Amino acid sequence: MLVQQQALLAWARANPGAYGAVPQASLSFPNPWRAPYQVASLVGGTVNGPVAVTWYAGAQTSTASMAGTLVQLHAYAQDVGHTAGGVLVSPAGVFTTLPAGVPTGVAAVADLVTP
């Protein structure tokens, strides 16, 4: 997920103003990396500016397990966690507004797109 998020950020910077779901085929991954199964990404507008979000959309691993792994990798991070009511809830207790289209109850990574 984190590799896809970095690829999504690079895509968003190269395509300013482009919002919506971003197919994995549009992202550039390092060789021999392959796009992860059941992971989705989008870029959308928020009151804080464009936000890039990648989340796990599968059923093979629970959302709690995936979010727990992200939290362990990034303790006290503001950009990982789970989604609830249009926000990303981080382990640091920070609520990041998410763009429309990100489902509720998924493990996610979100970053403000900066130049």
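Let's start with Q5, which counts as buried, because its relative accessibility is just 1% and the cut-off for buried is under 20%. Keep in mind that this is a predicted model, so everything I say about Q5 and the rest is read off a prediction.

Where does Q5 sit? Q5 is found in helix α1, which covers residues 2–14. And what does the side chain of Q5 do in there? One polar contact goes to the side chain of T54, at 2.6 Å. Another goes to the side chain of D111, at 2.9 Å. If you skip the neighbours within four places in sequence, Q5 is in contact with A52, V53, T54, V109, A110 and D111.

Okay, let's zoom out. The protein chain has 2 helices and 7 strands. Going along the sequence, you get the pattern α-β-β-β-α-β-β-β-β. Of the 115 residues, 41% count as buried. The accessible surface comes to about 6100 Å², and carbon and sulfur atoms account for 58% of that. Here's one more number for the chain: take the contacts between residues at least 6 apart in sequence, and 53% of them join residues at least 24 apart.

Now, how much should we trust the prediction? The mean pLDDT of the chain is 86, with 89% of the residues at 70 or more. Helix α2, residues 63–73, has the lowest confidence, at a mean of 67, while β1 has the highest, at 97.

On to the sheet. In which order do the strands line up? It's an open sheet of 7 strands, and the order is β1-β2-β3-β7-β4-β5-β6, with antiparallel pairing. The edge strands are β1, at 20–21, and β6, at 95–97, and each of these pairs on one side only. As a reminder of how this works in general, strands of a sheet pair through backbone hydrogen bonds, either parallel or antiparallel.

Let's look at β7. Is this strand enclosed or open? Of the 6 residues of β7, which spans 107–112, 5 are buried, so the strand is largely enclosed by the rest of the structure. On one side, β7 pairs with β3, residues 49–56, in the antiparallel sense over 5 bridges. If you want to find that pairing on screen, look for W55, which stands opposite A108 in β7. β7 also pairs with β4, residues 80–84, again antiparallel, over 3 bridges. Here the pair to look for is V80, opposite V109 in β7.

Keep going outward from β4 and you reach β5, residues 87–89. These two strands run antiparallel and are joined by 3 bridges. T83 has L88 in β5 as its bridge partner.

After β5 comes a loop that leads to β6, and G93 lies in it. Buried, exposed, or something in between? G93 is partly exposed, with a relative accessible area of 46%. The C-alpha atom of G93 is 9.6 Å from that of G81, and the two residues are 12 apart along the chain.

Now a quick stop at β2, residues 39–46, where we find T46. T46 is buried, at a relative accessible area of 16%. The T46 side chain reaches the backbone oxygen of G49 at 2.7 Å. Neighbours within four places aside, T46 is in contact with V51, T97, L98 and P99.

Last topic: the nonpolar cores. The general idea is that in soluble globular proteins, nonpolar side chains tend to be buried together. Which residues make up the largest core in this model? There are 11 in all: A7, L8, L9, W11, A12, V22, L27, F29, V43, A52 and V113. Helix α1 gives the most to this core, with 5 residues. There's also a second, separate core of 10 residues, and V51, V53, W55 and A110 are among them.

Pick L9 from the largest core as an example. Leaving out neighbours within four places in sequence, L9 is in contact with A52, D111, L112 and V113. Two of those names, A52 and D111, also came up in the contacts of Q5, and that brings us back to helix α1, where Q5 is found.

Key: Residues numbered from 1 in each chain as written. Predicted model: local features only at pLDDT ≥ 70, side-chain atom pairs only at ≥ 80, totals over all residues. Heavy atoms only, no water. Buried < 20%, exposed > 50% of the residue type's maximum accessible area, 1.4 Å probe, protein only. Helix = DSSP H or I, 4+ residues; strand = E, 2+ residues; numbered from the N terminus. Pairing = 2+ DSSP bridges. Polar contact = N/O pair within 3.5 Å; in protein donor to acceptor, adjacent residues only side chain to side chain. Contact = heavy atoms within 4.5 Å. Areas by Shrake-Rupley, 256 points an atom, 1.4 Å probe, with all protein chains shown as cover. Core = buried A, V, L, I, M, F, W, Y, C linked by side-chain atoms within 4.5 Å. pLDDT = per-residue confidence, 0-100.
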